[in-house]
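The following note is offered for discussion among colleagues. Its points concern the arrangement of the chain and a group of aromatic side chains.

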Amino acid sequence: MRMLNISSTEDLIANSMNILEPASLDADGNEREDVLFANEPVDLLILPGLAFDKAGRRLGRGGGYYDTFLSRYQELAEKRNWKQPLKIALSYSVQIVDEGTIPLTPNDVLVDALVSPSGVIPISPAALEICQ
């Protein structure tokens, strides 16, 4: 899995499962920058999921791809003395479940905030600071 920088939703194309993802080339035909090889830090990561809780747990599809990426990026940011990016999960209100419902494993990376049609739920100190 690669995370690529985009500048607008125009940069997205549907994949084989009809999920929008960044095209590998930008509008000028240049290859997009993979954030794990970037020279500048990422400020914000928007994460998908099937369910979330207000403690920051995220239930994905069980492959661990996002958690692996997030761990690798957090290590990179720490190594380069970059500020950690804010990890935001987009969800419908019905996807936000009671705390303790979503299992937590040692490799899981928590989200900083949830954004749903009902509003923003800041979770981490970094998200609380921004939302004040």
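Into which domains is the chain divided?

1. The model under review is predicted. Its chain is divided into domain 1, residues 1–39, and domain 2, residues 42–131. Taken over C-alpha atoms, the centres of domain 1 and domain 2 are separated by 21 Å.

2. On the contact between the domains: six residues of domain 1 are in contact with nine residues of domain 2. The two domains bury about 800 Å² between them, and 76% of this area lies on carbon and sulfur atoms. Of the area that domain 1 buries against domain 2, 66% is supplied by Met1, Met3 and Leu36, more than by any other three residues.

3. On the chemical character of this interface: the side of domain 1 that touches domain 2 has five nonpolar residues, one polar residue and no charged residues. Zero salt bridges are found across the interface of domain 1 and domain 2. The count of residue pairs in polar contact between domain 1 and domain 2 is one, with both residues at pLDDT 80 or more.

4. On the aromatic side chains: two aromatic pairs are counted. The ring centres of Tyr73 and Trp82 lie 6.4 Å apart with the planes at 35 degrees, so this pair is classed as tilted; planes under 30 degrees apart would count as stacked, and those over 60 as edge-to-face.

5. On the surroundings of these rings: Tyr73 and Trp82 are both buried. Ring pairs link Phe69, Tyr73 and Trp82 into a cluster, and these residue numbers place the cluster within the bounds of domain 2, 42–131.

Definitions and conventions:
Residues are numbered from 1 along each chain as its sequence is written. This is a predicted model: local features need pLDDT of at least 70, side-chain atom pairs count only at pLDDT 80 or more; totals for chains, interfaces and linings use all residues. Side-chain values use heavy atoms; hydrogens and water are left out. Rings of Phe, Tyr and Trp (its six-membered ring) pair if their centres lie within 6.5 Å; planes under 30 degrees apart count as stacked, over 60 as edge-to-face and the rest as tilted. Buried means under 20% relative accessible area, exposed over 50%, partly exposed in between (1.4 Å probe, protein chains only). Domain bounds come from an automatic or database domain assignment. Contact means heavy atoms within 4.5 Å. Buried area is the accessible area (1.4 Å probe) that two parts lose on being put together, summed over both. A salt bridge is a side-chain nitrogen of Lys or Arg within 4 Å of a carboxyl oxygen of Asp or Glu. A polar contact is a pair of N or O atoms within 3.5 Å; within protein, one must be able to donate a hydrogen and the other to accept it, and residues adjacent in sequence count only if both atoms are side-chain atoms. Ala, Val, Leu, Ile, Met, Phe, Trp, Tyr, Cys and Pro count as nonpolar, Asp, Glu, Lys and Arg as charged, and the others, Gly among them, as polar.
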